[in-house]
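Reader: Could you take me through one part of this model at close range, starting with a charged pair and working outward to the helices and the other pairs? I would enjoy one connected account.

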Amino acid sequence: MNKTQKNEKSLFCHITGGDPDPAQSREYIAAALQAGIDGIILGIPFSDPIAEGLLLQEADLRALSAGTTPDTVIHLAAFVRRQADLPLYLQSYINPLYKYGIDAFFARCKEAGVDGIILLDVPYEQKDDVQSAAKRCGISVISIIAPAGKERMQKIARDAEGFLYILPSMCHAGDMQNIQKDLSNILEGVRPVTSIPILAALEDVSPAQAAEIADVADGILLGNAVAAITAAHKDSAADAIAAYIQSVKQSMAQM
């Protein structure tokens with residue numbers, strides 16, 4: 001299922017399921033929904049999150065310490081689906097899926113109303129290992145594109161479904177010049193070969209900077225904003241999460 005609308009600027013956010021505990025996580029998800037978020041990506045916490053930065057690693061550890069499991073996150077996804085008809089994705093490493101059972105996992109995702117999954121440690125060349133099981137349940141496997149050769153980026157983009165998850169830059173957070181340069185190069189390469197929405201994943205940027213990037217891409221994905229707010233506010237982060245999302249949306253509306 002793909003509810004992301006092309007040519008409409010979308011604001012997605014990543015929320016680590018179960019951070020700081022399942023009850024508070026549900027409250028923070030509700031705050032994001034009430035603030036008008038356009039799409040949600042729920043992270044399944046993993047004990048060795050090597051593909052993520054420190055903030056998300058710490059969020060994973062908090063969630064695991066609180067007893068969060070893949071089923072916990074799937075239940076949170078079902079909560080989102082009961083509240084809103086918006087793009088809903090899970091993010092995970094492959095090991096939790098293997099442990100759960102690939103077919104059983106995607107069957108549960110279908111029941112919960114999940115639209116797709118992002119697998120951080122599965123390269124494009126190994127995507128077929130899970131894609132067939134996902135497709136049987138109507139689940140999209142989202143493709144990730146980072147700065148690379150044009151031929152490779154186009155190959156990934158042609159085969160992509162749901163939306164394209166763009167990592168504009170591996171530079172220091174807030175280095176807008178390099179982020180914009182990388183994003184422009186990626187968009188120049190992939191737009192001619194795909195019609196699905198292109199979302200740029202951003203970390204540690206101000207609302208104004210996020211809006212500036214959204215003006216170029218089809219939308220943005222706030223990668224660690226909720227984790228950062230949760231780390232700062234612990235069990236009283238709901239208002240701060242809502243305020244941040246609203247400020248980004250207001251900045252996007254002014255672009």
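Author: Let's begin with Arg62 and Asp19, which are both buried. This is a predicted model, and in it the two side chains form a salt bridge, with 2.7 Å from N to O. The partners come from distant parts of the chain: Arg62 belongs to helix α2, while Asp19 sits in the loop between β1 (10–16) and α1 (22–34), and their positions lie 43 residues apart in the numbering.

Now follow Arg62 into its helix. Helix α2 (residues 54–65) packs on helix α10 (residues 225–233) at an angle of about 60°, and their axes are 9 Å apart. That angle makes α2 oblique to α10, because roughly perpendicular starts at 65 degrees. The crossing of α2 past α10 is left-handed. On the α2 side, the contact is made by Leu55, Leu56, Ala59 and Arg62; α10 contributes Ala227, Ala228, Thr230 and Ala231. Sorted by class, the contact holds 6 nonpolar, 1 polar and 1 charged residues. Arg62 is therefore worth a second look, since Arg counts as charged: Arg62 takes part in the contact with α10 and also in the salt bridge with Asp19.

From here we can turn to the other pairs. In general, side chains of opposite charge can pair when their charged atoms come close. In this model the count comes to 9 salt bridges.

One of them links Lys127 with Asp159, where the closest N and O atoms are 3.9 Å apart. This pair, too, links distant parts of the chain. Lys127 lies in the loop between β4 (116–119) and α6 (128–136), and Asp159 in the loop between α7 (150–158) and β7 (164–166), 32 residues apart. Their surroundings can be read from the accessibility values: Lys127 is buried, with a relative accessible area of 4%, whereas Asp159 is partly exposed at 33%.

Another salt bridge joins Arg108 and Glu111, with 3.0 Å between the closest N and O atoms. Here both partners belong to helix α5 (residues 102–112), and because they are 3 residues apart, about one helical turn separates them. Glu111 has 61% relative accessibility, so it counts as exposed. The pair also has company: salt bridges that share partners join Asp71, Arg108 and Glu111 into one network.

To return to where we started, Arg62 and Asp19 are both buried, while Glu111 of the α5 pair is exposed.

Conventions
Residues are numbered from 1 along each chain as its sequence is written. This is a predicted model: local features need pLDDT of at least 70, side-chain atom pairs count only at pLDDT 80 or more; totals for chains, interfaces and linings use all residues. Side-chain values use heavy atoms; hydrogens and water are left out. Axes are lines fitted to C-alpha atoms, for helices over the stretch in contact, and angles run from 0 to 180 degrees between N-to-C directions. Helices (H or I, at least four residues) and strands (E, at least two) are DSSP runs, numbered from the N terminus. Angles under 35 degrees count as roughly parallel, over 145 as roughly antiparallel, 65 to 115 as roughly perpendicular and the rest as oblique. A crossing is left-handed if the near helix is turned anticlockwise from the far one by less than a right angle, and right-handed if clockwise. Contact means heavy atoms within 4.5 Å. A salt bridge is a side-chain nitrogen of Lys or Arg within 4 Å of a carboxyl oxygen of Asp or Glu. Buried means under 20% relative accessible area, exposed over 50%, partly exposed in between (1.4 Å probe, protein chains only).
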